Amino acid sequence: MEILNIKNLSKNYGTVQALKQVSFSVPAGTVFGILGPNGSGKTTLLGIVMDVLKPTSGTYEIFGQSPTADQRKQIGTLLETPNFYHYLNAVENLKISAAIKGRGVDDIDRVLEVVDLAKRKNSKFSTYSLGMKQRLAIGAALLGNPDVLVFDEPTNGLDPVGIAEIRELIKKLSKEGKTIIMASHLLDEVEKVCTHVAILKQGTLITYGDVNEILINEDVVETSAADLEQLYQLLQRMPGKLSINRKDQVVQVNFSSGTADLAAVNRFCFDAGITITHLQLKKKSLETKFLELTH
Ligand code: ATP
């Protein structure tokens with residue numbers, strides 16, 4: 001089943017095109033990352049899906065149907081940091097959240113356990129670390145136990161410990177069967193927590209799908225020979241390669257991560273009568289891949 005199905009969604013703010021004909025779908029049970037640099041349209045996209053913003057054109061379906069307010073109530077959201085009261089404790093703050101969301105207060109103890117704040121539930125919000133504050137915000141999104149969660153940059157502004165806690169919490173929620181849609185500008189984060197990704201660049205969808213397919217790590221073998229063209233032609237027939245390209249004075253042959261074999265490349269060329277003058281293994285980092293995709 002698909003949780004969310006977006007078709008040709010566009011959004012203009014005056015002359016700024018924040019989203020341009022974006023289409024993708026989110027399968028149930030995934031942790032779906034919307035990845036892109038600042039200003040790429042992530043918040044705009046989530047805002048439209050949660051009905052905070054109207055699209056300029058395009059449509060989307062939630063749970064396979066035109067969205068209704070009732071369906072959105074089945075989605076827990078964290079779009080911006082909620083305004084908790086500093087002088088109230090976690091339970092009192094969640095009671096207010098529950099009232100605003102029209103959800104029962106009977107779920108508060110369960111939620112505090114899930115976000116690991118049960119022990120501190122009677123402490124004032126003002127005494128919480130930033131990470132605890134963010135966990136309480138996620139707790140508010142979990143009230144009523146929705147199957148689908150939408151988080152906008154859930155680790156933004158946290159220290160490394162706070163970031164790790166939120167990422168663990170997201171993984172835990174995913175194991176419980178929740179579908180999580182989250183915006184992030186961090187490739188590393190998407191790689192660590194997400195099963196699927198959609199990459200946005202200046203409002204345009206660059207690509208989307210399974211993280212392991214899209215962010216696949218590659219080994220790059222750099223080679224050179226006196227006759228570069230001849231080398232390039234030969235390496236087109238190199239078994240096991242993913243792709244090949246010419247760059248200045250070298251030919252680059254790409255293999256799946258961990259499969260490049262320099263000796264095999266050398267032998268392949270030697271057997272064909274080409275002497276290699278340069279042979280080097282380089283890793284293509286995910287960062288490089290992300291930069292290639294977004295720049
Ligand atoms: P960030 O991570 O910085 O929040 P984002 O990927 O979520 O970025 P959006 O906030 O959706 O991106 O912004 C997309 C584009 O739309 C940006 O160019 C932004 O300046 C513009 N934009 C967003 N909101 C408005 C608005 N209310 N009025 C005018 N332009 C806007």
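Which residue, with a positive phi, follows H10? In this predicted model, H10 is followed by Gly-273, whose phi is near 85°; the legends below begin with that helix and then turn to the ligand, the domains, the cavity and the pockets.

**View 1. The two ends of helix H10, with Asp-261 before the helix and Gly-273 after it.** Helix H10 covers residues 262-271, and its N-terminal end is capped by Asp-261. The cap consists of a side-chain oxygen of Asp-261 that lies 3.2 Å from the backbone nitrogen of Ala-263. Beyond the helix comes Gly-273, which has a positive phi, near 85°.

**View 2. The residues around the ligand, with polar contacts from Ser-40, Lys-42 and Thr-44.** The shell around the ligand includes Tyr-13, Val-16 and Ala-18, the run of residues Pro-37, Asn-38, Gly-39, Ser-40, Gly-41, Lys-42, Thr-43 and Thr-44, and also Glu-153. Ser-40 approaches through its backbone, with an N or O atom 3.0 Å from an oxygen atom of the ligand, whereas Lys-42 places a polar side-chain atom 2.9 Å from a ligand oxygen. Thr-44 likewise uses its side chain, a polar atom of which lies 2.5 Å from an oxygen atom of the ligand. Taken alone, the ligand exposes 630 Å², and the protein buries 57% of that area. Strand E2 (16-27) and helix H1 (42-49) are the elements that give two or more residues to this shell, and H1 gives the most, with three residues. By class, the shell divides into four nonpolar, six polar and two charged residues.

**View 3. The division of the protein into two domains.** Domain 1 spans residues 2-214 and domain 2 spans residues 218-294. Their C-alpha centres lie 41 Å apart.

**View 4. The largest cavity, with a lining of nonpolar residues.** The count of cavities of 30 Å³ or more comes to one, and the largest cavity has a volume of about 30 Å³. Its lining is formed by Ile-3, Leu-4, Val-49, Ile-62, Ile-75, Val-148, Val-150 and Ile-181. The elements that give two or more residues to this lining are strand E1 (2-13) and strand E6 (148-152). The class count for the lining is eight nonpolar residues, with no polar and no charged residues.

**View 5. The largest pocket, to which helix H3 gives the most lining residues.** This pocket has a volume of about 480 Å³ and is lined by 21 residues, of which Thr-77, Glu-80, Pro-82, Asn-83 and Lys-101 lie nearest its centre. Two or more lining residues come from each of H1, strand E5 (75-78), helix H3 (90-101) and helix H5 (130-142). The contribution of H3 is five residues. H1, which also gives three residues to the shell around the ligand, is thus seen again in this view among the elements of the pocket lining. By class, the lining of the largest pocket has twelve nonpolar, six polar and three charged residues.

**View 6. The second largest pocket, to which helix H5 gives the most lining residues.** The volume of the second largest pocket is about 240 Å³. Of the 17 residues that line this pocket, Thr-81, Leu-130, Lys-133, Gln-134 and Asn-156 are the closest to its centre. H5 gives three residues to the lining, and H5 is also one of the elements that give two or more residues to the lining of the largest pocket. The lining of the second largest pocket divides by class into seven nonpolar, six polar and four charged residues.

Note on methods. Residues numbered from 1 in each chain as written. Predicted model: local features only at pLDDT ≥ 70, side-chain atom pairs only at ≥ 80, totals over all residues. Heavy atoms only, no water. Near = heavy atom within 4 Å. Polar contact = N/O pair within 3.5 Å; in protein donor to acceptor, adjacent residues only side chain to side chain. Areas by Shrake-Rupley, 256 points an atom, 1.4 Å probe, with all protein chains shown as cover. Helix = DSSP H or I, 4+ residues; strand = E, 2+ residues; numbered from the N terminus. Nonpolar A, V, L, I, M, F, W, Y, C, P; charged D, E, K, R; others polar. Domains from an automatic or database assignment. 1 Å grid on protein atoms, 1.4 Å probe; cavity = no way out; pocket = protein on both sides within 12 Å on 5 of 7 lines; lining within 4 Å. Points joined across faces, edges and corners; volume = space filled by probe spheres on them.
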